Amino acid sequence: MTPKEVVQTMYDCFTTGDMEKFASMYHGDAVIKVNGMHSFSGKHEGIVAWMSVLSTIPAMFDNFSVNPINMIAEGNQVFTQLHAKADGMDANFGHYHKIEDGKIKEFGIYDDSQKMAHEMKAVKLIDHAFYS
């Protein structure tokens with residue numbers, strides 16, 4: 001699969017709820033960085049840690065969905081523009097993926113963190129070293 005196909009497959013799995021295949025699209029030691037100051041924010045090391053974060057989505061959001069609008073691929077990097085919705089939230093997001101050996105190695109999430117935190121009613125202070 002091309003890097004773009006890897007990322008599209010990952011989004012397809014998320015949408016259909018195939019979380020086993022979703023997890024298999026990541027390297028075990030993938031690094032996921034989430035912007036903002038809400039409960040998902042920070043650096044998550046490894047797919048197990050990331051899956052733990054994702055498992056909280058149903059408790060935080062009713063009817064959460066992401067719809068990729070546009071993907072831009074350059075070499076092994078893919079940037080995706082997404083439209084995200086949940087009850088009480090309508091936002092545009094940006095996601096960066098770095099692919100190695102056909103799996104996601106790095107995932108940078110540049111979502112509308114103010115809308116996320118507002119809907120989650122969950123703002124937290126983060127370590128600013130994340131941004132360095």
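What follows is a walk through the fold, the core and a few individual residues of this protein chain. The model is a predicted one, so every value below is computed from predicted coordinates.

To start with the overall layout, the protein chain holds five helices and six strands. Read from the N terminus, the order of these elements is α-α-β-β-α-α-β-β-β-β-α. The chain has 132 residues, and 42% of them are buried. Taking the contacts between residues at least 6 apart in sequence, 49% link residues at least 24 apart. On the outside, about 7200 Å² is exposed, with carbon and sulfur atoms supplying 52% of that area.

Now for the inside. In soluble globular proteins, nonpolar side chains tend to be buried together. Here the largest nonpolar core has 32 residues, and the ones touching the most other members are Met 10, Phe 22, Tyr 26, Ile 32 and Trp 50. At least two residues of this core come from each of helix H1 (3-16), strand S1 (26-34), helix H3 (47-54), strand S3 (65-74), S4, S5 and strand S6 (103-110). H1 gives the largest share, six residues. As for Trp 50, setting aside residues up to four places away in sequence, its contacts are Phe 22, Tyr 26, Ile 32, Val 34, His 44, Phe 107 and Ile 109.

His 95 is another residue worth a look. It sits in strand S5 (residues 89-100). With a relative accessible area of 6%, His 95 counts as buried because that value is under the 20% cut-off. Its side chain makes a polar contact of 2.7 Å with the side chain of Tyr 11. Beyond neighbours within four places in sequence, His 95 also has Val 78, Phe 79, Thr 80 and Leu 82 among its contacts, along with a run from Phe 107 through Gly 108, Ile 109 and Tyr 110 to Asp 111.

One of those partners, Phe 79, belongs to strand S4 (residues 77-86). Phe 79 has a relative accessible area of 33%, so it is classed as partly exposed, in between the 20% and 50% limits. Together with Ile 72 and Tyr 110, Phe 79 makes a nonpolar surface patch of about 300 Å².

Last comes a loop residue. Asp 62 lies between helix H4 (57-60) and S3. Leaving out neighbours within four places in sequence, Asp 62 is in contact with Ala 86 and Asp 87. The C-alpha atoms of Asp 62 and Gly 88 are 8.6 Å apart, although 26 residues separate the two along the chain.

Key. Residues are numbered from 1 along each chain as its sequence is written. This is a predicted model: local features need pLDDT of at least 70, side-chain atom pairs count only at pLDDT 80 or more; totals for chains, interfaces and linings use all residues. Side-chain values use heavy atoms; hydrogens and water are left out. Helices (H or I, at least four residues) and strands (E, at least two) are DSSP runs, numbered from the N terminus. Buried means under 20% relative accessible area, exposed over 50%, partly exposed in between (1.4 Å probe, protein chains only). A polar contact is a pair of N or O atoms within 3.5 Å; within protein, one must be able to donate a hydrogen and the other to accept it, and residues adjacent in sequence count only if both atoms are side-chain atoms. Contact means heavy atoms within 4.5 Å. Patches are made of residues with over 30% relative accessible area and no salt bridge: like charges are joined within 9 Å, nonpolar side chains (Val, Leu, Ile, Met, Phe, Trp, Tyr) within 5 Å. Accessible areas come from the Shrake-Rupley method with a 1.4 Å probe; for residues, only the protein chains shown count as cover. A salt bridge is a side-chain nitrogen of Lys or Arg within 4 Å of a carboxyl oxygen of Asp or Glu. A nonpolar core is a set of buried Ala, Val, Leu, Ile, Met, Phe, Trp, Tyr and Cys residues joined through side-chain atoms within 4.5 Å.
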